[in-house]
Amino acid sequence: MHEITLKKSLRYTVFLLIIAVGFSFAVLSRGTSVETEEIKLYLVDAQMLRLVPVKMSIPKMPPQKQAKRVLEELIEGRDDNPKIRRLIPKDKGCITVKVKNKIAYVDINSDMTETVPDGRDLEELMIYSIVNTLTGLNGIVNVRFTIDGETQREFKGYIDMRETFIPDYFV
């Protein structure tokens, strides 16, 4: 008789333990969910004629971290999508960004100028791919460019890089 009572007590204890662990797991997993927001990456279409907005979700974070994350996404590109082409080389060190007073300061490595295709339209598409994507983030209104940390008159010879850029969704 004593053995049956012990088995029932053990089953009851195991049952309560399972319920407690399940409840704890539910409470902990609810508190660790990551809040995301939808943003648009502006990538170049396959014919290299215009920018195409591509929606994606990223975790909510400060503008500096979001800017770095979307630039990494632009560099990564969407090579698996035949409707989109890459203009920014797949080199993680080719572009850096800092955000201050709602302006994204984008520094381009001069080595990148050698790998980006020539032409006014292609230069404009690449610049506005960056500008439109960054200004779509909360906390960024304008974009300024430097090359190797210095303000330059031009990038590839067509666009004046000394200006402060605002988005142009008609590119």
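Trainee: Let's start in β6: which residue there is the bridge partner of isoleucine 108?

Mentor: Happy to begin there, bearing in mind that this is a predicted model. Strand β5 covers residues 103-108, and β6 covers residues 142-147. In β6, isoleucine 108 has as its bridge partner isoleucine 147.

Trainee: And how do β5 and β6 run, parallel or antiparallel?

Mentor: Another pair helps to place the register: tyrosine 105 has arginine 144 as its bridge partner in β6. Six bridges join the two strands, and their sense is parallel.

Trainee: What links β4 and β5, and which residue in the turn has a positive phi?

Mentor: β4 (residues 95-100) pairs with β5 over six bridges in the antiparallel sense, and lysine 100 stands opposite isoleucine 103. The two strands make a hairpin with two residues between them. The turn residue with a positive phi, about 50 degrees, is asparagine 101.

Trainee: In what order do the strands of that open sheet come?

Mentor: The sheet has three strands and mixed pairing. β4 and β6 are its edge strands, each pairing on one side only. Neighbouring strands are turned by 20 degrees against each other on average, direction ignored. The order is β4-β5-β6.

Trainee: Which helix packs on this sheet, touching β4, β5 and β6?

Mentor: Its direction makes about 135 degrees with that of β6. The helix covers residues 120-135, and its name is α4.

Trainee: There is also an open sheet with the order β2-β1-β3; why is one side of β2 and of β3 left without a neighbour?

Mentor: Pairing in this three-stranded sheet is antiparallel. β2 (51-59) and β3 (84-85) stand at the edges, so one side of each is left without a neighbour, as each has a single partner strand.

Trainee: How many bridges pair β1 with β2?

Mentor: One place to look is leucine 43, which stands opposite valine 52 in β2. Helix α4 packs on this sheet too, touching β1 and β2, and its direction makes about 170 degrees with that of β1. β1 (residues 36-45) and β2 pair in the antiparallel sense, and the number of bridges is nine.

Trainee: Which two residues have the most contacts inside the largest nonpolar core?

Mentor: That core has 44 residues. Elements giving two or more residues to it include β1, β2, α2 (63-76) and β6, while α4 gives the most, with eight. Leucine 134 touches residues including Ala67, Val97, Ala104 and Val143, not counting residues up to four places away in sequence. The two with the most contacts inside the core are Leu134 and Phe145.

Key. Residues are numbered from 1 along each chain as its sequence is written. This is a predicted model: local features need pLDDT of at least 70, side-chain atom pairs count only at pLDDT 80 or more; totals for chains, interfaces and linings use all residues. Side-chain values use heavy atoms; hydrogens and water are left out. Two strands pair if DSSP finds at least two bridges between them. Helices (H or I, at least four residues) and strands (E, at least two) are DSSP runs, numbered from the N terminus. Contact means heavy atoms within 4.5 Å. Axes are lines fitted to C-alpha atoms, for helices over the stretch in contact, and angles run from 0 to 180 degrees between N-to-C directions. A nonpolar core is a set of buried Ala, Val, Leu, Ile, Met, Phe, Trp, Tyr and Cys residues joined through side-chain atoms within 4.5 Å. Buried means under 20% relative accessible area, exposed over 50%, partly exposed in between (1.4 Å probe, protein chains only).
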